[in-house]
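Student: I am new to this structure. Please take me through one part of it closely, and then show me what lies around it.

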Amino acid sequence: MEYIKNVVTLKLDKDKCVGCGMCAIVCAREVFSIEDRKANIDFLDKCIECGACAMNCPIDAIEVVPGVG
Amino acid sequence: MSQLRKHKYIPPHTTDPKNVESLEHIFDGEIETEIGPVKRISTRIFPNDKLGSIAVRFGIKRDSYKVAPGIYAIGNPNDTSPMLVTCNYKLTFDAVRQSLSGLDAWLLVINTGGVNVWCAAGKGSFGGDEIIYRVRKTGAAKIVKSKLMMLPQLGAPGVNSKKVEKYTGFKVVFGPVRALDIKEFLAKGLKADKHMRTATFKFQERLVLTPVEFVQNAKFIGYSLLMFIVLNYIGNDAESLTGYLRLSLLNTIPYALAVAAAAFGFPLLLPVLPFRSFSAKGIVLGVIFSALIATKISVFAYADNVPTLLGNSLIMTSTIAFISLNFTGSSNVTSLSGVQKETMLYAPIFAVGALLGFCLLFFGRLI
């Protein structure tokens, strides 16, 4: 189920990304995939801004304004 | 995002709850360890637990459904047994211990104030700080020789796993979303399939949320009764007090049904209702509901005029849609940005709709 389009604050800095895959592990909404050692945002509108990816990104390549769940 | 305090950690909940007597049945013994006796937890769900869970689903004693934080044993943990971490909400705690039957493990229960993992993670109380504090306080590192800590994946919004590793000396892995996948996750060597990593919002998962939705919104039924008691006083031609009260009660029944439609119908119909915003979905449900009621106005003793029909439809639709908008907070598919956007747009519309509806009902009493 997808919610309102084009509103989420999630941003990924691909240049910084080291492809560790933590974002894909912690995301419960299948937003990310890892290809060629880089994370990719596959489904931006599925993001619920929980903040798990940004919290666990080791090099702060992800930005999101999290809600309180 | 919570920042780890480097020196002294002040727990978010200054007093830890104690295990109440009604919890005693879940402990089946103690095991001796270097840090003293550790209580062993049964993986069985007893009739008591089921009754408690049902009550909590109706919002009864929900805030006091807590387990004392600390370290517990499951089975007979040995040097290779992992330590699982969970919150101290009894409903979650029961799901976790039930899914661990036949396993040997340690279970670290942290203090989230009796709130489930995902909600607590969003608010920071299921957080790295609390985990580090709890590991230190319990002396868990002394007895968990494997130094393997498994966190529920839904705790990730509140836990920076690298920081927890740094300050506890444990290796941290994020386990599956659902407790019932824990065994499979462990059996596969800490590997999660896609389904274990994905939160769902299936029919059954939405269904269990409906009783609390109804209880929390039942106040709207009271407001409507009050409204009809006031409105029906205008030009009151009922012969007796009982007639007047009977009319007001009859008028209120569709409003009670409207709250039920919003509390039960909306969550269950969520995926099939058109539009993306919960408000727009709620309006659709409200209009359908009002149309159904409009075919039965004599049953509920409504005056047969246009202002009354429109007034009732407007208030009921606004109420249903408002409760639907509120359901964003109970769902796991909405983003804060989206909720803010639809609230700004629709909340004023619902307020104006309800007020306009009241004016129409008032006018309907005069003609």
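Tutor: Start with two helices of chain B in this predicted model. They are α11, residues 219–231, and α12, residues 241–269. Their axes come within 8 Å and cross at roughly 145°. The crossing of α11(B) past α12(B) is right-handed.

Now look at which residues meet. From α11(B) come B:F220, B:I221, B:S224, B:L225, B:M227, B:F228 and B:I229. Facing them in α12(B) are B:Y244, B:S248, B:L249, B:N251, B:T252, B:Y255, B:A256 and B:V259. Sort this contact by class. Eleven residues are nonpolar and four are polar. No charged residue takes part.

Charged pairs turn up elsewhere. Over all chains, the count comes to 14 salt bridges. One of them joins B:K90 to B:D49, with the closest N and O atoms 2.9 Å apart. This pair links distant parts of the chain. B:K90 sits in helix α2(B), residues 90–98, while B:D49 sits in helix α1(B), residues 47–57. The two residues are 41 residues apart.

Next, turn to where chain B touches chain A. Chain B brings 37 residues to the contact, and chain A brings 28. About 2,800 Å² is buried between the two chains. Carbon and sulfur atoms give 62% of that area.

Across this interface there is one salt bridge. It pairs B:R276 with A:E2. Their closest N and O atoms are 3.6 Å apart. Polar contacts between chain B and chain A number 15 residue pairs, with both residues at pLDDT 80 or more.

Which helices of chain B supply at least two residues each to the side that touches chain A? They are α3 (117–123), α8 (194–197), α13 (278–294) and α15 (336–366). The largest share comes from α15(B), with six residues. By class, the side of chain B that touches chain A has 16 nonpolar, 14 polar and seven charged residues.

Put the two contacts side by side. The contact of α11(B) with α12(B) has no charged residues. The side of chain B that touches chain A has seven.

Methods
Residues numbered from 1 in each chain as written. Chains lettered and ligands numbered in written order. Predicted model: local features only at pLDDT ≥ 70, side-chain atom pairs only at ≥ 80, totals over all residues. Heavy atoms only, no water. Contact = heavy atoms within 4.5 Å. Buried area = accessible area lost by both parts, 1.4 Å probe. Salt bridge = Lys/Arg side-chain N within 4 Å of Asp/Glu carboxyl O. Polar contact = N/O pair within 3.5 Å; in protein donor to acceptor, adjacent residues only side chain to side chain. Helix = DSSP H or I, 4+ residues; strand = E, 2+ residues; numbered from the N terminus. Nonpolar A, V, L, I, M, F, W, Y, C, P; charged D, E, K, R; others polar. Axes fitted to C-alpha atoms, helices over the stretch in contact; angles between N-to-C directions. Left-handed = near helix turned anticlockwise from the far one by under 90°.
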